[in-house]
Amino acid sequence: MFKEATDHSFNLDRHLVKLLSDSPFFAEISRHVHKVITRDLPTAGVTYDRFTGDFVMGVNPDFFGGLTDAEISGVLRHEYYHIVFLHVTNRRKAASLHRRWNVATDLAINSIILDSASGQLALPDSALVPGRPLKLGPGKENAAGQKVSDLIEKFPALESSDFYFNRLSELAEELKDECPVHGKGAPGEGEGSEGDHSHGDSEKECTCGGVSTLDDHDTWDEVPDEVREEAENKARSLVEKAAREADSKSNGWGNMPQSIRDDIRRMVSQVVDWRGVLRQFVGSIARGGRSTTIRRINRKYPYVHPGVKRGYVAKLAVAVDQSGSVSNEMLGEFFSELERLTRKASVTIIPFDHDVDPSDVFEWRKGTRPALKRTKSGGTSFQAPTDYVNSPRNRGRWDGVIFLTDGECAQPSGSRVKRGWILGKGCRLLFETDEMQVSMDPGTPPAGSWR
């Protein structure tokens, strides 16, 4: 993650206060984004921290120190929009196309960002904006660069990233894929090349004239594929809260165009199902390991230092209610989802009814398919598996426990580890709790939080 810069005088909080007062929507998003003043980025960037489960925004104090207040507000909103529109969590395009996608995402965002006071565009001159020609600069005027500039100048505002990506791809076809932007034949596209073409000396030689994005998108690649769904669920949850907050205030959306508000409302109307929440829970308790390897290229010092390899381990217990009121169909559906989870992590299965028999407890090891069968069918006690997990002999063994149940039992005592409840279709807990409860019923939103 970003290394914090301590030798600076830039006051980010002052600009955040103004932004948050202008737009309750962005205020809600910002509350859940960790901010870091850093020189690890040339301008700014956002990513998802796998270890903390937080979105992180890094800002370069030297870059921000040269901007006006309106431009700083615009860049901050630009970063938050990357989270809102799921650019951070979506899988990237193929290596030869992801820089073109970077440009397309910036074009989709930048025409939205207007100054709250003047109503004019509130971004630095370096920003890519539909309807505005590129500033190619001395020595960068050439046929390909001018065609890219002309195309962007003709682009309509408020279109999707896919729209701009497809138009750039059509120009690439016309130019036989000589970059726009930055296809095969552009510098830095050789095998094993890493990093964003928007930085470094290679852009000076590119046929497009060095088109670059406003911020750094390389950090999106640092979100491992196995946690992208977890991160996307979190992003959708943040946006849903922000949309509700905005709708509850008289000017909650600020000067955001109505069409964009409607797009955001449609996006968050799809409730995250229980499978997604379950994966998010597993991600929230995962422990990370970091090691170096010469088989990976170091992004900052290629071929000088080894790259980084990360591993993730979730220590999870699953208490499976096998009392007579839980159907075989419910067990089968839950075990099917557990099989997907155990491709990434090992879990300990704790069958229970009115008690827990330690001989029935087993570890479902990563990548295996054990024979799953019902071992109990008596009454129900949530206290029995709670006592088993809380037992001193099991202390430190798990970081979290999930109960699969129909909910028909009295409330147990507290758990030493994070605890959540997955409830079968048509089922509910018979007691009030602020712990996470997720229903298998389609369209039923989760309640509470993992604690």
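**Terms and values in a predicted model**

Reader: What makes helix H12 (residues 383-390) mostly covered?

Author: Six of the eight residues of helix H12 are buried, a word that means under 20% relative accessible area (exposed is over 50%, partly exposed lies in between; 1.4 Å probe, protein chains only). They are Ala 384, Pro 385, Thr 386, Tyr 388, Val 389 and Asn 390. Helices (H or I, at least four residues) and strands (E, at least two) are DSSP runs, numbered from the N terminus. The model is predicted, so local features need pLDDT of at least 70 and side-chain atom pairs count only at pLDDT 80 or more, while totals for chains, interfaces and linings use all residues. Residues are numbered from 1 along each chain as its sequence is written, and side-chain values use heavy atoms, with hydrogens and water left out.

Reader: Which strands do the buried residues of H12 pack against?

Author: The buried residues of H12 pack against strands S6 (316-321), S7 (347-352), S9 (400-405) and S10. Contact means heavy atoms within 4.5 Å.

Reader: Why is Gln 322 called buried?

Author: Its relative accessible area is 2%, and the limit for the term is under 20%, so Gln 322 qualifies. Gln 322 belongs to the loop between S6 and helix H11 (328-341). Beyond four places in sequence, the residues it touches include Pro 351, Phe 352, Asp 353 and Arg 374.

Reader: Why is the pair of Phe 26 and Tyr 81 called edge-to-face?

Author: Rings of Phe, Tyr and Trp (its six-membered ring) pair if their centres lie within 6.5 Å; planes under 30 degrees apart count as stacked, over 60 as edge-to-face, and the rest as tilted. Phe 26 and Tyr 81 stand 5.1 Å centre to centre with 90° between the planes, so both conditions for edge-to-face are met. Phe 26 lies in helix H2 (residues 24-31) and Tyr 81 in helix H4 (residues 69-84), so the pair ties together parts that are 55 residues apart in sequence.

Reader: What makes the pair of Tyr 388 and Trp 398 tilted?

Author: Here the centres are 6.2 Å apart and the planes make 35°, an angle that is neither under 30 nor over 60 degrees, so the remaining class applies. Tyr 388 lies in H12 and Trp 398 in the loop between H12 and S9. Both residues are buried.

Reader: How do you know that the charged end of Arg 167 sits over the ring of Phe 163?

Author: The rule asks for NZ of Lys or CZ of Arg within 6 Å of the ring centre and within 35 degrees of the ring normal. The charged end of Arg 167 is 5.0 Å from the centre of the Phe 163 ring, so the distance condition is met.

Reader: How do you know that S2 (44-49) and S3 (residues 54-59) pair?

Author: Two strands pair if DSSP finds at least two bridges between them. S2 and S3 share six bridges in the antiparallel sense, so the requirement is satisfied. Gly 45 stands opposite Gly 58 in S3.

Reader: What makes S10 (residues 418-423) and S11 a pair?

Author: Four bridges join these strands, which run parallel, so the requirement is met here too. Leu 423 has Ser 439 in S11 as its bridge partner. From S11 (residues 436-439), Met 436 and Val 438 point one way, Gln 437 and Ser 439 the other, and all are buried.
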